Amino acid sequence: MSNIVLITDFGLSEYVGQIKGTIYKINPQVNIIDLTHNISKFNIIEAGYILFNSIEYFDEQSIFLTIVDPGVGTNRLPIIIQTKQNIYIGPNNGLFTLIIDKLDIIRIVKILNPFYLNKIISNTFHGRNIFAPISAHISKGIRITDLGSEINISEIIRLEGFYPSIAEIRLMAL
């Protein structure tokens, strides 16, 4: 059985409980690990950094559900990234930059299949209505290729903020 590892910017809100309730409703046997819910609000770079620097401490085949999503309700894609070791679920907003740049990617799937989502999809809470049920179904053994269609790695948003610029390096040297 795989773990679902949660990373959010929800703090001490009821939203964490709603995500867990959604997951347990689908798979009551799954192990949910709260890595952190204290990411600074909408700080995609902080979330991506913490995600990438934490994966070595978890079993292979862990499912990392990372929800820091300032673009919720927009046209950004909900995605699943499968690597040789783990699965990553969340919005295509740049938070997976280090995963894409540094890990061996098997496939990336754009979440499309409504059968595996909550019946009602809120414009403001894709974490509960899209990402949580998808992670729960994957933890039960559903193949990610049944959840949507594969997309090319070139469609993944990358953020330069993970890498210092020459100007920043010069500033640090002063």
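Me: Two strands count as paired if DSSP finds at least two bridges between them. In this predicted model, what makes β4 and β5 a pair?

Reply: Five bridges join β4 (residues 78-83) to β5 (residues 87-91). The cut-off is at least two, so the strands pair. They run antiparallel.

Me: Which residue of β5 is the bridge partner of Pro 78?

Reply: Pro 91 is the bridge partner of Pro 78.

Me: Why do β2 and β7 stand at the edges of the sheet?

Reply: The order of the seven strands is β2-β1-β3-β5-β4-β6-β7, in an open sheet with mixed pairing. β2 (31-36) and β7 (148-150) each have a single partner strand, so one side of each has no neighbour in the sheet. From one strand to the next, the twist averages 25°.

Me: Why is α1 called oblique to α4?

Reply: The axes of α1 (residues 14-26) and α4 (residues 126-139) cross at roughly 40° and come within 8 Å. Roughly parallel needs an angle under 35 degrees, and roughly perpendicular starts at 65. The crossing angle fits neither range, so α1 is oblique to α4. The crossing is right-handed.

Me: Which residues make the contact?

Reply: Among them are Ile 19, Thr 22 and Ile 23 of α1, and Arg 128, Ala 132 and Ser 135 of α4. By class, six residues of the contact are nonpolar, five polar and one charged.

Me: How do you know whether α4 is roughly parallel or roughly antiparallel to β3?

Reply: α4 runs at about 175° to β3. Angles over 145 count as roughly antiparallel, so that word applies. α4 lies across β1, β3, β4, β5 and β6 (105-111).

Definitions and conventions
Residues numbered from 1 in each chain as written. Predicted model: local features only at pLDDT ≥ 70, side-chain atom pairs only at ≥ 80, totals over all residues. Heavy atoms only, no water. Axes fitted to C-alpha atoms, helices over the stretch in contact; angles between N-to-C directions. Helix = DSSP H or I, 4+ residues; strand = E, 2+ residues; numbered from the N terminus. Parallel < 35°, antiparallel > 145°, perpendicular 65-115°, else oblique. Left-handed = near helix turned anticlockwise from the far one by under 90°. Contact = heavy atoms within 4.5 Å. Nonpolar A, V, L, I, M, F, W, Y, C, P; charged D, E, K, R; others polar.
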